[in-house]
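Thanks, everyone. I would like to take you through one model this morning, beginning with its empty spaces and then moving to its cores and one strand.

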Amino acid sequence: MPERVSHPRRSRRPPYAVCAALFLVLTGCGASGTAPAAVPSDGSRAPAPPGTSGAAGPVAAARGPAAPTRPREIRLLGAGIRAAIPADSLQALVVTGDSPDSSRATAVLYTREDSMAGWQPAMGPWPAHNALKGWTDEHRAGDLRTPIGVYGLTAAGGLLAAPGTAFPYEQNPLFNVSGEGFQGDSLEGSFDYVIAIDYNRIPGASPLDPTRPLGEERGGGIWLHVDHGGPTQGCISLPADRIRELLRALDPAKVPVVVMGDAAALAR
């Protein structure tokens with residue numbers, strides 16, 4: 001004989017109770033971020049879905065560890081200019097011209113702890129001057145433009161005694177200068193302190209060394225020096241206090257460089 005099947009009694013739960021239960025299940029993630037587990041009619045708990053127990057589920061495990069954060073770059077520099085900075089350089093003075101033909105610029109010293117660390121601004125921004133006619137990719141003697149690029153800083157000197165610096169420093173009366181600049185500004189004291197920029201010169205030599213490896217026609221004697229209140233012939237000038245700060249801060253062991261050019265050129 002077939003087994004006798006008894007039919008369960010129909011639930012007398014009011015319809016609104018069922019609707020309320022469904023509403024709570026559907027809106028639970030809006031209140032707490034996780035939908036409550038459904039409860040079977042026999043009162044037992046249904047197994048939690050994968051990944052909701054607090055342990056990493058298969059999807060989380062598959063993602064793996066987070067990607068490492070890239071070191072901070074000097075944001076205004078483009079990939080080409082960044083690539084020209086030596087890998088072991090830990091100090092970079094960035095001089096940004098207002099425009100290709102402007103003689104006004106801004107200087108900021110950036111540093112990093114090691115070659116794998118990101119760059120951080122350490123000094124500045126400071127007002128600066130560059131050459132009367134602005135900037136050039138191919139400097140020529142007498143063109144009254146400052147060469148664009150990345151250049152080493154390896155020696156210093158001046159009319160006055162060194163204000164405390166790790167650079168090789170030559171105090172020499174030949175750093176004396178007189179006369180007027182392009183705007184009638186006095187040049188006196190401009191070479192009280194100078195830092196030689198390694199454009200068309202022998203790195204590490206005295207700023208006064210006349211040797212021009214690229215030839216005399218390519219100019220030379222490009223320095224960081226004391227600002228006299230107007231455009232230069234090709235150098236970068238900063239207020240006297242800022243030059244003294246740089247001389248104390250820059251360390252040849254950290255391979256300091258100057259990165260200089262107008263904003264558009266530096267973004268290349």
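Before I describe any lining, let me fix the classes: Ala, Val, Leu, Ile, Met, Phe, Trp, Tyr, Cys and Pro count as nonpolar, Asp, Glu, Lys and Arg as charged, and the others, Gly among them, as polar. Please keep in mind that this is a predicted model, in which local features need pLDDT of at least 70 and side-chain atom pairs count only at pLDDT 80 or more, while totals for chains, interfaces and linings use all residues. Residues are numbered from 1 along each chain as its sequence is written, and side-chain values use heavy atoms, with hydrogens and water left out.

By a cavity I mean a set of points, on a 1 Å grid over the protein atoms alone, where a 1.4 Å probe fits but cannot get out; a pocket is an open set with protein on both sides within 12 Å along at least five of seven lines, and lining residues have an atom within 4 Å of a point. Grid points are joined across faces, edges and corners, and a volume is the space filled by probe spheres set on the points.

The structure holds one cavity of 30 Å³ or more, and the largest cavity has about 40 Å³ of space. Its lining consists of I197, Y199, R201, P207, D209, R212, G221, I222 and W223, which divide into five nonpolar, one polar and three charged residues. The largest pocket, with about 470 Å³ of space, is lined by 26 residues, and F191, G221, Q233, G234 and C235 lie nearest its centre.

Now to the cores, where a nonpolar core is a set of buried Ala, Val, Leu, Ile, Met, Phe, Trp, Tyr and Cys residues joined through side-chain atoms within 4.5 Å, and buried means under 20% relative accessible area, with exposed over 50% and partly exposed in between (1.4 Å probe, protein chains only). The largest nonpolar core has 29 residues, and V95, I195, I197 and M260 have the most contacts inside it. Apart from it lies another core, of 13 residues, among them L77, I81, V94 and V257.

Finally, strand 1, residues 91-97 (strands being DSSP runs of E, at least two residues, numbered from the N terminus), has seven of its seven residues buried. Q91, L93, V95 and G97 point one way, and A92, V94 and T96 the other. Strand 1 runs antiparallel to strand 2 (residues 104-111), joined by seven bridges, and parallel to strand 11 (residues 257-262), joined by six; two strands pair if DSSP finds at least two bridges between them. A92 stands opposite Y110 in strand 2 and opposite V257 in strand 11.

Conventions: Helix = DSSP H or I, 4+ residues; strand = E, 2+ residues; numbered from the N terminus.
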